Amino acid sequence: MTPGTPRLLRLLMVVLPRSFRDRFGHEMNAAFEARLSEARTQGAAAVAGLWVRTTVDLLHTAAAEWVELAASPRGWWSDLRVSARSLRRSPGFAGVAAVTIALGIGANTAVFSVVRAVLLQPLPGERVDELHRLWSNHRQVGQERYFVSPANLLALQRDAQTFDAAAWLSSEGTIVGDDGLPRRVTNLATTARLFDLLGIDAHLGRVFAPDDATGSVAAPVLISWDLWQTHFGADPGILDRTLDFPGGFSAEIVGVLPSDVDVVLPEAEVYGVFANLDQHPSASARWLNAMLRVRSGESIETVDRELAVFARSFAEANGALNAGWAYETASLRDEVLGEARGALRVLWAAAALVLLIACANVANLVLGRAEARERQVALRSALGAARGRILRLLAAESAILVGLGGLGGLVMAWL
């Protein structure tokens, strides 16, 4: 640009990269002076229009030039190589910065993986918000969040208007392997509608049907995903096989459950079905874990009111067993998460704080290094390096540090 360049034009041209100004500044000034002289002969409106057009053109050209300069692969590759050599000459700085970034990223990645799996991912099944655990309680004798009796559960299943109910019982058992040796397994006996209530279908085969609980057919079993994988080698023909129990008893395998069932139910390997539950010798005792699903159009408040009516009717029918007993519900999501929700949130916040501290420490390291390199940057600028080129060189160095720290953080999170 020449000394006679209008001050406003000089200010506007600052937005252009220095290399571009050095190459084309003189020509741009000459062209503008010619247009300005012509516009002055046409009046103030023409001069104002020229300044507006010139400002817009300069901003458009500056944006395009800066984008091209920043996105130049050749320039970035050269800057990355220069930055890599510079970091090799400062191994202490590079190592401390990369490890600090790795610690922050690794801690957050590991904690977020747990938070995502536990808090953010939906529970398996359909319309989980409608599912609630069902507990009986007798606060006068200190019995809270207690089990439900089969007799009362069957009455709830038969007469309830606002909800559907199902139940299960965990136990230990033994199956006989292909080699004839016994294998200890965890059993879960369920009512026939439990998996339909949860909205969980079998990964292979089917879940229990109402006829399975009548006793008119041989009781079938379901097996877990893990048992199918480990004991049966993920055999796709598993539905044609039977499960052998000690004493010569066998049961047909009718389905393989998906791998995430143990999120909402206790972990088990073999699932059986209660047959003729009303004829069980302990049908009046409380030993079943129960769950209910609120029917469409109803609310948990209406369910609680109906349960209170049931509790009074059970007490009137059999006061010796049911007097003083009431029912309460709890959201399945709250039951599954329990106290883990608050603990994980605190852990997540702590991990985020670790990341902030790591970022602050790395920022201090980079600022200290920038101060030490002040003469080097000044020399580059004196030799003609544009401000954008210097910033890109520093950004390339930071990118290398972040890349190394990110890779280290992923390895730490995996470990």
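## Exercises on strand S1, the cores and the rings

Ser-136 has Tyr-327 of strand S11 as its bridge partner. The model is predicted: local features need pLDDT of at least 70, side-chain atom pairs count only at pLDDT 80 or more, and totals for chains, interfaces and linings use all residues. Numbering starts from 1 along each chain as its sequence is written, and side-chain values use heavy atoms, with hydrogens and water left out.

**Exercise 1.** Which strands pair with S1, and in what sense?

*Solution.*
- Step 1. Locate S1 at residues 131–138. Helices (H or I, at least four residues) and strands (E, at least two) are DSSP runs, numbered from the N terminus.
- Step 2. Take S10, residues 289–294: S1 pairs with this strand in the antiparallel sense, over 4 bridges. Pairing requires at least two DSSP bridges between two strands. Leu-131 of S1 is bridged to Arg-293 of S10.
- Step 3. Take S11, residues 326–331. This strand is also antiparallel to S1, with 6 bridges.
- Step 4. Take S2, residues 143–146. S1 and S2 run antiparallel and share 2 bridges. Here His-138 has Gln-143 as its bridge partner.
- Step 5. Inspect the S1–S2 hairpin. There are 4 residues between the strands, and Gly-142 has a positive phi near 80 degrees.

**Exercise 2.** Are the two faces of S1 buried or exposed?

*Solution.*
- Step 1. Count along S1: 8 of its 8 residues are buried. Buried means under 20% relative accessible area, exposed over 50%, partly exposed in between (1.4 Å probe, protein chains only).
- Step 2. Split the strand by side. Leu-131, Arg-133, Trp-135 and Asn-137 are buried on one side, and His-132, Leu-134, Ser-136 and His-138 are buried on the other.
- Step 3. Check the arginine. Arg-133 belongs to S1, and its relative accessible area of 10% makes it buried.
- Step 4. List its surroundings. Beyond four places in sequence, Arg-133 touches residues including Trp-168, Asn-289, Met-291, Glu-328 and Glu-335. Contact means heavy atoms within 4.5 Å.

**Exercise 3.** Which residues have the most contacts inside the largest nonpolar core?

*Solution.*
- Step 1. Find the core. The largest one holds 27 residues, and Phe-195, Leu-198, Leu-265 and Tyr-271 have the most contacts inside it. Such a core is a set of buried Ala, Val, Leu, Ile, Met, Phe, Trp, Tyr and Cys residues joined through side-chain atoms within 4.5 Å.
- Step 2. Assign its elements. Strand S3 (163–176), helix H7 (194–198) and S9 each give two or more residues to this core. H7 gives the most, with 4 residues.
- Step 3. Trace Phe-195. Outside its four-place neighbourhood in sequence, contacts of Phe-195 include Ile-200, Phe-208, Leu-222, Val-261, Leu-265 and Tyr-271.
- Step 4. Look for another core. A separate one has 22 residues, including Leu-134, Ala-160, Ala-165 and Leu-277.

**Exercise 4.** How many aromatic pairs does the whole structure have?

*Solution.*
- Step 1. Search the structure: there are 11 aromatic pairs. Rings of Phe, Tyr and Trp (its six-membered ring) pair if their centres lie within 6.5 Å; planes under 30 degrees apart count as stacked, over 60 as edge-to-face and the rest as tilted.
- Step 2. Take Trp-225 with Trp-228. This pair is edge-to-face, at 5.5 Å centre to centre and 70 degrees between the planes. Both lie in helix H8, 3 residues apart, so about one helical turn separates them. Trp-225 is partly exposed at 26%, while Trp-228 is buried at 7%.
- Step 3. Take Phe-274 with Trp-287. This pair is edge-to-face too, with 5.9 Å between centres and 75 degrees between planes. Both residues lie in the loop between S9 and S10, so the pair ties together parts that are 13 residues apart in sequence. Phe-274 and Trp-287 are both buried.
- Step 4. Add the cluster of Tyr-146, Phe-147 and Trp-325. The charged end of Arg-286 sits over the Trp-325 ring, 4.0 Å from the centre. The criterion is NZ of Lys or CZ of Arg within 6 Å of the ring centre and within 35 degrees of the ring normal.

**Exercise 5.** Where does Ala-234, with its positive phi, lie?

*Solution.*
- Step 1. Read the angle: phi of Ala-234 is positive, near 55 degrees, and the residue is not a glycine.
- Step 2. Place Ala-234 in the loop between helix H8 (225–230) and strand S7 (242–245). Its relative accessibility is 26%, so Ala-234 is partly exposed.
- Step 3. Turn to Asn-276, another non-glycine with positive phi, about 55 degrees. Asn-276 lies in the loop between S9 (270–273) and S10. At 30% relative accessibility, Asn-276 is partly exposed.
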